[in-house]
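Biologist: Let's zoom in on one part of this model. Take me through the aromatic side chains and the sheet, slowly please.

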Amino acid sequence: MSSLPSIFSLISLIIFSSLLNPSESGSSIDSFIYGGCSQLKYVPGSAYESNINSLLTSLVNSATFSTYNNFTIVGSPPQDVVYGLYQCRGDLSMPDCASCVAHAVSQLGILCVDSCGGVLELQGCFVKYDNTSFLGVEDKTVVLKKCGPSVGYDTDLIGRRDALLAGLGSGGGPYRVGGSGKVQGMAQCVGDLSPSECQDCLSEAIGRLRSDCGTAVSGDMFLGKCYARYSAGGIDSKASSGKRFYHPGWWFLVLFVFVF
């Protein structure tokens, strides 16, 4: 397993800037949330690179008619196999889904140069690929936690937040939305999870959101295979910044929004 090349530290801000300016259309569905790459590298021009290209092409093509799909490209030799999937937010139209996945795939090419695995979460879609199978595997690892400023002892807002989260936790299906007054929220699982695995993942995300964000006006909890989010609205985001961090064998770039 190779370490990240030192040149990455010199261009990371350029990469981050390109991710924060997703497209000329300025569509919010293309806005960056987090991205990650495996530290294991493949040899440029190898059969594995060809398989990744085939996989990503399949993801983009599939997104024109389905909001979720997964693919396995069998390698020759077998160790060149690559697994991948995409998931669009449950309320997106097919054209928006296709646009988001195509944008995510293009950005992964910038973010994860020569990496055997990559993952990108945008506001409207999620794309992941790797040389180790993750399809159908529940993953409750916390990838990103973000809490807004505290509203203090606002019993009405916190009560509405808790009612919203309870509704998201008890709702059926992989994509859930709800609201209680000005507090709005959503939750979603990746489509390769079974209904019971989806419920387990969302229960974990919602429970951690409630406990970790406390009296915050907003909160995001992204786990490996699901997420839960809420906001009381009226948030004026004035500045943003990125941070790199590491999990075993992977590095991640996440976006933090500072609210004034």
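Modeller: Let's settle one word up front: a residue is buried under 20% relative accessible area, exposed over 50% and partly exposed in between, using a 1.4 Å probe and protein chains only. This is a predicted model, so local features need pLDDT of at least 70 and side-chain atom pairs pLDDT 80 or more, while totals for chains, interfaces and linings use all residues. Residues count from 1 along each chain as its sequence is written, and side-chain values use heavy atoms, leaving out hydrogens and water.

Now the rings. Phe, Tyr and Trp (its six-membered ring) pair if their centres lie within 6.5 Å; planes under 30 degrees apart are stacked, over 60 edge-to-face, and the rest tilted. That gives three aromatic pairs. Tyr42 and Tyr48 make a tilted one, 5.7 Å centre to centre with 55° between the planes. Tyr42 counts as buried because its relative accessibility is 14%, and Tyr48 does too, at 4%. Elsewhere, ring pairs tie Tyr34, Phe222 and Tyr227 into a cluster.

On to the sheet. Strands are DSSP runs of E, at least two residues, numbered from the N terminus, and two of them pair when DSSP finds at least two bridges between them. Here five strands form an open, antiparallel sheet in the order β6-β9-β10-β8-β7. β6 (142-147) and β7 (175-180) are at the edges with a single partner strand each, so one side of each has no neighbour in the sheet. Within it, β9 (residues 218-223) and β10 (residues 226-231) run antiparallel, joined by five bridges. Gly219 sits opposite Tyr230 in β10.

Definitions and conventions:
Helix = DSSP H or I, 4+ residues; strand = E, 2+ residues; numbered from the N terminus.
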